[in-house]
Amino acid sequence: MTVETRQGQGSGQNLWRESRARNVRERLVRVVLRACAYVSILTTFGIVFVLFGEAFTFFQDVSIVRFLTETQWTAGFATTPEDGEFGIIVLAWATIFSTIIACVVALPIGLGAAIYLSEYASAGLRRWLKPALEILAGVPTIVYGFFALTFVTPFLQGTILPGIQIYNILSASLVMGVMIIPTVASVSEDAIYAVPRGLREGAYALGATKREVATKVVVPAAISGIVASFVLGISRAVGETMIMAVAAGALAQLTVNPLESMQTMTAYIVQVTSGESPRGSLEYETIFAVGATLFVMTLLLNTIAYWFVRRFREVY
Amino acid sequence: MANPRRTKEEQKVTEAPQNRRDTKKGTGGASSDDAGASAFGMRIENLSAHYGSFKAVTDVSMDIRANKVTALIGPSGCGKSTYIRCLNRMHEVIPGARAEGRVRLGDQDIYARDMDPVRIRRRIGMVFQKPNPFSKSIYENVAWGARINGYKGDMDELVEHSLKQAALWEEVKDKLKKSGYDLSGGQQQRLCIARTLAVEPEVILMDEPASALDPVSTQKIEDTMDQLKQSYTVVIVTHNMQQAARISDYTGFFYIENMGDPGRLWEFDETEKMFSNPDRKETEDYVTGRFG
Ligand SMILES: Nc1ncnc2c1ncn2[C@@H]1O[C@H](COP(=O)(O)OP(=O)(O)OP(=O)(O)O)[C@@H](O)[C@H]1O
Ligand SMILES: [Mg+2]
């Protein structure tokens with residue numbers, strides 16, 4: 001469109017040649033951009049292909065039924081498929097449990113921070129706090145990991161929870177929650193800030209208080225973006241590896257006691273890949289099955305989020 | 001507290017406007033104004049408005065008569081929106097905006113230190129230029145304002161009544177659960193009027209409520225206006241001279257004489273006089289379309 005209107009301004013002679021040169025450039029840009037898009041799609045397909053291919057090999061030794069129904073995880077001690085137990089629920093529960101604890105911390109605080117930043121903070125404060133928050137989101141997770149291990153756990157041990165173990169899911173998850181706050185806050189803040197002024201003014205004009213405007217008009221109007229931020233946060237928690245590997249230990253057990261060590265799916269994969277088990281061994285094969293499970297979980301999560309965001313997207 | 005709001009509303013519908021002052025406590029009665037100014041009109045004295053260090057409006061004094069429609073006209077940028085916001089303290093929502101002077105509703109000074117802007121806006125509602133329904137159902141859009149204001153009566157009835165007053169009921173009665181965004185622009189604007197009415201204010205301020213609408217929707221809103229002044233005091237900003245002439249009883253002309261000056265209320269009188277035989281030349285030029 002722009003090309004056409006601009007052409008009208010060129011002087012008669014150059015008109016044709018100029019637009020051809022431009023056409024070539026336009027086409028080149030399009031090809032490059034398309035290549036960029038395909039690179040990411042193709043690599044994703046490649047990864048999925050390898051993941052599920054290897055997982056398929058594993059499931060020929062250990063049936064999917066066993067994988068889904070057994071309640072222990074003893075892959076490390078098994079030399080043959082028969083003398084071990086491969087209940088993914090053990091690792092999956094650790095992941096879910098840690099995610100729940102992290103979300104209890106991160107979602108309300110993140111949303112609260114977002115509402116504060118966009119509705120209450122002065123323009124000057126917002127100008128500082130928002131980037132600060134985003135920088136926080138860039139702290140390497142390994143740092144959070146040893147913060148949990150060397151500070152939070154000893155602190156809890158010395159104060160309110162003397163019974164807590166050195167490696168435990170609670171500290172790791174709490175710190176993971178803190179790690180996720182900036183992501184949740186930043187993404188929901190964008191959504192809340194994007195709610196048009198007019199909507200707020202309409203509410204004020206009906207005699208709404210600031211709190212009513214923020215919680216009953218602005219937040220519902222931004223709900224799709226807020227949910228997107230929640231899902232992003234949950235996805236990060238599900239996929240978080242370093243904090244869990246460092247601070248939650250490597251005990252694959254099924255429990256609901258947060259003071260004990262548990263091994264999440266990601267932490268398990270780290271343990272196996274950095275350990276001695278040779279390529280092609282049974283233990284080595286398990287990580288593809290675990291990885292595939294993780295992939296399916298995240299995919300499910302994102303699909304729900306995608307559906308939700310589309311269903312509730314606001315057209316202001 | 002059996003249900004004062006309900007009663008008030010019933011009376012609004014059934015009684016002649018002049019009697020309304022008796023039904024409201026506190027605001028009515030003892031105004032020493034001249035005969036025309038009833039208890040629920042507004043009196044503005046020496047109002048000036050600023051955005052930061054920029055003075056947008058200066059020294060406006062005006063009596064807004066109860067149960068009448070007052071139109072505000074004038075060239076773009078002369079401060080009509082700024083002024084109308086000052087009438088229910090909506091300017092306070094804009095960072096950096098402030099107003100000086102005196103604005104009274106009945107005999108209450110709404111700029112008084114102990115006046116709560118939230119309470120004031122419940123009594124002086126506002127409809128904006130751009131329709132701004134909430135991201136809620138049609139029903140909720142209307143009910144919400146009344147609910148946060150503590151309305152305890154029959155909500156269904158209130159919603160229906162308000163939608164009827166805004167001439168929207170027939171079009172939406174079968175889809176009250178649908179989102180307010182599913183309506184056309186004109187319907188959205190009438191929805192916004194309905195939600196303002198549901199709060200049962202005394203004064204309704206409208207900033208170019210029909211500027212983005214087609215002639216049919218505009219007509220509907222104008223018809224509504226005629227109904228509204230039975231029960232409310234209406235102030236409306238408009239760019240449409242015919243509209244101002246048709247619907248209003250009083251007209252105020254805002255004008256900036258020299259570039260960079262703040263806007264002033266150049267002339268204010270009965271609509272008939274303003275459009276046939278105004279005192280000032282600029283007013284005449286404007287209403288006859290010779291500029292602006
Ligand atoms: N939020 C704001 N911040 C700073 N200046 C503003 C703001 N809103 C309006 N102004 C300025 O105040 C003056 C009056 O604006 P206002 O919107 O009241 O005019 P108006 O008469 O309503 O115009 P229109 O007919 O175009 O709606 C203009 O010079 C405008 O630029
Ligand atoms: Mg305006």
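A polar contact here is a pair of N or O atoms within 3.5 Å. Keep that cut-off in mind for this predicted model, since ligand 1 is where we'll start.

**Around ligand 1**

Three residues of chain B put an atom close enough to an oxygen atom of ligand 1 to meet that cut-off of 3.5 Å:

| Residue | Atom on the protein side | Distance to an oxygen atom of ligand 1 |
|---|---|---|
| B:Gly77 | backbone N or O | 2.8 Å |
| B:Cys78 | backbone N or O | 3.3 Å |
| B:Glu208 | polar side-chain atom | 3.3 Å |

How much of ligand 1 does the protein bury? On its own, ligand 1 exposes 630 Å², and 63% of that is buried by the protein.

Now for the shell as a whole. Ligand 1 has 13 residues around it, and the closest are B:Ser76, B:Lys80, B:Ser81, B:Thr82 and B:His239. Sorted by character, the shell splits into 6 polar, 5 nonpolar and 2 charged residues. Two elements of chain B, β2 (54–64) and α3 (80–86), each bring in at least two of the shell residues. The largest share belongs to α3(B), with 3 residues.

**A helix pair in chain A**

Over in chain A, take a look at helix α8 (residues 197–204) and helix α9 (residues 210–221). Their axes come within 10 Å and cross at roughly 140 degrees. Angles over 145 degrees would count as roughly antiparallel, so α8(A) and α9(A) are oblique to each other. As for handedness, α8(A) passes α9(A) in a right-handed crossing.

Terms used:
Residues are numbered from 1 along each chain as its sequence is written. Chains are lettered from A and ligands numbered from 1 in the order in which they are written. This is a predicted model: local features need pLDDT of at least 70, side-chain atom pairs count only at pLDDT 80 or more; totals for chains, interfaces and linings use all residues. Side-chain values use heavy atoms; hydrogens and water are left out. A residue is near a molecule or strand if one of its heavy atoms lies within 4 Å of it. A polar contact is a pair of N or O atoms within 3.5 Å; within protein, one must be able to donate a hydrogen and the other to accept it, and residues adjacent in sequence count only if both atoms are side-chain atoms. Accessible areas come from the Shrake-Rupley method with a 1.4 Å probe; for residues, only the protein chains shown count as cover. Helices (H or I, at least four residues) and strands (E, at least two) are DSSP runs, numbered from the N terminus. Ala, Val, Leu, Ile, Met, Phe, Trp, Tyr, Cys and Pro count as nonpolar, Asp, Glu, Lys and Arg as charged, and the others, Gly among them, as polar. Axes are lines fitted to C-alpha atoms, for helices over the stretch in contact, and angles run from 0 to 180 degrees between N-to-C directions. Angles under 35 degrees count as roughly parallel, over 145 as roughly antiparallel, 65 to 115 as roughly perpendicular and the rest as oblique. A crossing is left-handed if the near helix is turned anticlockwise from the far one by less than a right angle, and right-handed if clockwise.
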